[in-house]
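Here is a short note for a colleague who has not looked at this model before. The points below can be read with the structure open.

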Protein chains: 2
Amino acid sequence: MTEDLSPQAAGRRVGIADVAARAGVSLGTASKALNGRGNLREETRARVRAAAEELGFAPNTNARSLLSGRTFTVGIITTDSYGRFSIPVMRGAEDSLAAGEMIAFLCDSRDDPIREQHHLRKLLERRVDGIIVAGRRTDERRPLGRDLPVPVVYALAPSSDPDDCNVVSDERGAARLAVDHLVKTGRRRIAHITGPHSHASARERADATIEALAGHGLRLVGEPYFGSWTEAWGRFAAAQLLRAHPDVDGVFCGNDVVARGVTDGLREAGVSLPMQVGVVGVDNWALVAEAARPPLTTVDLGLEEIGRRAAELLIAAIDGHPQPGRHVVAGHLVVRES
Amino acid sequence: MTEDLSPQAAGRRVGIADVAARAGVSLGTASKALNGRGNLREETRARVRAAAEELGFAPNTNARSLLSGRTFTVGIITTDSYGRFSIPVMRGAEDSLAAGEMIAFLCDSRDDPIREQHHLRKLLERRVDGIIVAGRRTDERRPLGRDLPVPVVYALAPSSDPDDCNVVSDERGAARLAVDHLVKTGRRRIAHITGPHSHASARERADATIEALAGHGLRLVGEPYFGSWTEAWGRFAAAQLLRAHPDVDGVFCGNDVVARGVTDGLREAGVSLPMQVGVVGVDNWALVAEAARPPLTTVDLGLEEIGRRAAELLIAAIDGHPQPGRHVVAGHLVVRES
DNA sequence: TTGAAAGCGCTAACAC
DNA sequence: GTGTTAGCGCTTTCAA
């Protein structure tokens with residue numbers, strides 16, 4: 001007789017005891033058969049497996065972890081409501097986790113420390129094996145907590161404690177990739193338009209831009225243009241730049257949104273792209289980069305890879321091989337037409 | 001003596017037995033004290049609570065659910081890698097779930113039925129109390145499975161089985177809101193530019209547009225322009241539209257990306273916005289709507305609300321009050337300058 | 001090769 | 001008021 005699996009029958013589910021009874025063996029034997037442990041006659045194993053199949057038996061992971069002490073779950077706490085940055089990170093993380101038969105609990109802290117602590121407590125009550133904290137900005141953040149009973153890995157936004165395990169993007173490398181590309185395509189008078197000076201990524205990329213240019217024996221055209229991460233700022237800054245330095249022939253932008261604004265600003269000022277001026281962005285945000293005219297050449301920071309690495313490092317830590325410190329994931333240039 | 005809570009000490013965590021010992025009471029008493037059950041002296045309760053506090057006791061949810069049969073977890077299966085549409089849905093769902101002390105497992109099926117079934121099995125093994133399936137398109141999808149032991153709610157993409165519980169956006173209402181707004185602001189010659197005819201949402205919005213116009217005694221200018229959900233299509237279609245119907249004074253676009261393309265196309269053809277032509281989009285995708293020139297008036301489909309409703313309906317179903325059928329969530333107009 | 005029994009951390013009857 | 005015991009579903013000794 002087949003179990004009734006109608007939606008309301010959630011209460012009574014088939015357990016290993018049912019399988020054992022059906023196969024005419026003891027409970028322990030059924031367990032061994034299904035898990036490939038112990039020494040059993042092949043025929044017994046087959047009989048148990050058949051019974052499990054027939055009854056649609058699904059082992060109760062929770063009961064199992066009660067004994068093993070491991071739940072094969074991790075918590076992912078994001079600070080930005082699964083926005084632009086955490087999404088790829090989460091997807092990468094899920095990738096690596098699934099490979100280890102693990103699954104993630106989702107927690108959105110909305111940048112609220114109170115909420116974050118609440119989630120932390122709930123995750124610990126559920127006995128997660130570890131926690132990934134996915135940030136939105138590359139600025140340092142305060143640690144999740146001290147002396148936590150499970151390992152924690154910070155993705156994108158590193159913890160201010162250098163002994164924590166952090167996986168971060170290569171901000172300086174991104175600037176280098178962009179500058180190298182501009183120089184390689186013949187640009188010599190290169191400017192930098194970016195976001196707010198208060199953002200670590202804006203500052204770091206600006207510094208690294210100057211340094212990378214120096215490596216080519218070049219100087220930045222004007223000062224870095226700090227502003228906001230908006231198209232409007234990009235358009236505005238482009239106009240300003242053109243007025244101050246009409247001979248500019250390359251612009252590295254702090255991100256794609258700004259870069260799109262810059263391309264619009266330049267184009268509307270009569271500059272022909274990419275002939276007169278080359279533009280490079282950062283993020284490889286398809287929606288923005290592909291819609292720009294011309295489509296943007298940009299640096300992909302490898303967010304998904306950051307998620308994957310974070311999950312791998314977390315799993316390693318769970319397995320007793322913590323690797324504290326700063327793990328830098330390299331980005332790569334995506335060449336389009338700009 | 002305080003427990004060592006260093007990352008590697010995950011094995012031995014303080015349990016309710018430790019708390020009981022520390023407070024000098026029996027295990028059962030400690031349980032009652034911490035859960036507010038039974039009749040205990042207030043002093044005893046306090047003593048137990050103090051002990052729990054001191055030891056940093058966190059109850060093991062899994063052990064608890066082993067007994068209660070409920071895990072207070074749900075699975076969220078998304079088909080689109082937490083993209084544009086599932087994100088707000090997930091956030092809304094998490095909102096409602098948290099209110100019921102529930103937490104969500106994250107599963108990304110990437111539109112792959114095999115992967116989806118794999119996740120389903122894993123979720124059932126973990127004894128989730130229910131499942132939310134969050135889609136990307138409003139087209140119907142095949143059901144997750146038949147005779148599942150837990151309730152399922154479909155968000156955004158409804159199941160093809162009308163007896164399933166679906167929470168969907170109000171596609172026709174969105175078109176009505178847009179048309180009403182255009183008419184109210186004095187537009188009379190209104191066209192419709194949208195995405196691919198193969199998308200249910202494009203077809204439904206187009207139909208409803210014609211109907212809504214008829215309600216005002218108006219007829220659509222030309223046929224609906226079906227194309228793709230891209231800016232380039234929006235620009236192209238705007239130019240075409242202008243050539244065929246130079247006197248058009250309003251355009252309702254199938255989504256914000258197309259609408260942004262349309263505004264660019266019109267503006268670049270010398271049309272002054274919003275004076276000569278009014279444009280309305282759908283999605284209220286801030287990034288796109290705010291960056292457009294002028295910023296887009298658009299219909300917000302209430303995706304977050306869809307997520308919230310879905311979670312509420314799921315919780316109701318878990319509590320034995322299933323509400324099968326199609327639950328339509330109303331959108332609202334967000335007026336900007338276009 | 002299989003079965004019986006103990007126990008993972010907790011709650012809920014029932015005794016005292 | 002508080003302690004004792006059984007048992008949730010499973011794995012794992014150890015005995016047969």
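Which residue of chain B forms a salt bridge with A:Asp264? The partner is B:Arg293, and the closest N and O atoms of the pair are 4.0 Å apart. This is a predicted model, and the points below should be read with that in mind.

1. Salt bridges and polar contacts. The pair A:Asp264 and B:Arg293 is a salt bridge, and the count of salt bridges between chain B and chain A is 10. Polar contacts between chain B and chain A come to 26 residue pairs, with both residues at pLDDT 80 or more. On the side of chain B that touches chain A, at least two residues each come from helix 4, helix 5 (86–99), strand 2 (103–108), helix 6 (113–125), helix 9 (231–244), helix 10 (256–268) and helix 11 (286–291) of chain B. By class, the residues on that side of chain B are 30 nonpolar, 11 polar and 19 charged.

2. Extent of the protein contact. Chain B gives 60 residues to the contact and chain A gives 60 residues. Between them the two chains bury about 5500 Å², with 49% of that area on carbon and sulfur atoms. Three arginines, B:Arg13, B:Arg126 and B:Arg127, supply 13% of the area that chain B buries against chain A, more than any other three residues.

3. Relation of the two copies. A turn of 180° with a shift of 0.0 Å along the axis lays chain B on chain A, with an RMSD of 0.2 Å. The two copies are thus related as by a two-fold rotation axis. In chain B, the residue that comes closest to the rotation axis is B:Phe105, whose C-alpha is at 2.4 Å. Of the interface residues of chain B, 100% are also interface residues in chain A, so the copies meet through the same surface.

4. DNA strand C. This strand is surrounded by 24 residues, of which the closest are A:Lys32, A:Thr44, B:Ile16, B:Ser31 and B:Arg37. Of the atoms of DNA strand C that come within 4 Å of the protein, 67% belong to sugar and phosphate. Phosphate oxygens of DNA strand C lie 2.8 Å from a polar side-chain atom of A:Arg41, 2.7 Å from a side-chain N or O atom of A:Thr44 and 3.1 Å from a polar side-chain atom of B:Asn35. Two or more residues of the surface near DNA strand C come from each of helix 2 (27–35) and helix 4 (61–68) of chain A, and from each of helix 2 (27–35) and helix 4 (61–68) of chain B. Helix 2 of chain B gives the largest share, five residues. The surface near DNA strand C is made up of 10 nonpolar, nine polar and five charged residues.

5. DNA strand D. Here 25 residues lie around the strand, and A:Ile16, A:Ser31, A:Arg37, B:Lys32 and B:Arg41 come nearest. Sugar or phosphate makes up 62% of the atoms of DNA strand D within 4 Å of the protein, and the rest belong to bases. A phosphate oxygen of DNA strand D is 2.8 Å from a polar side-chain atom of A:Ser31, and a phosphate oxygen of the strand lies 2.6 Å from a polar side-chain atom of B:Arg41. There is also a base contact: a polar backbone atom of A:Ala63 is 3.3 Å from a base nitrogen of DNA strand D. Helix 2 of chain A gives the most to the surface near DNA strand D, with five residues. That surface has 10 nonpolar, 10 polar and five charged residues.

6. Backbone points to check. The peptide bond between A:Arg293 and A:Pro294 is cis, with omega about -5°, and A:Pro294 sits in the loop between helix 11 (286–291) and strand 10 (297–300) of chain A. In chain B, a cis peptide bond runs from B:Arg293 to B:Pro294, with omega near -5°. A:Phe72, in the loop between helix 4 and strand 1 (73–78) of chain A, has a positive phi, near 55°, although A:Phe72 is not a glycine.

7. A residue of helix 12. B:Ile315 belongs to helix 12 (residues 303–318) of chain B. Leaving aside residues up to four places away in sequence, B:Ile315 touches B:Ser96, B:Leu97 and B:Met102. B:Val167 is 148 residues from B:Ile315 along the chain, and their C-alpha atoms are separated by 14 Å.

How values were computed
Residues numbered from 1 in each chain as written. Chains lettered and ligands numbered in written order. Predicted model: local features only at pLDDT ≥ 70, side-chain atom pairs only at ≥ 80, totals over all residues. Heavy atoms only, no water. Least-squares fit on C-alpha atoms with pLDDT ≥ 70 in both. Contact = heavy atoms within 4.5 Å. Near = heavy atom within 4 Å. Polar contact = N/O pair within 3.5 Å; in protein donor to acceptor, adjacent residues only side chain to side chain. Helix = DSSP H or I, 4+ residues; strand = E, 2+ residues; numbered from the N terminus. Nonpolar A, V, L, I, M, F, W, Y, C, P; charged D, E, K, R; others polar. Buried area = accessible area lost by both parts, 1.4 Å probe. Salt bridge = Lys/Arg side-chain N within 4 Å of Asp/Glu carboxyl O.
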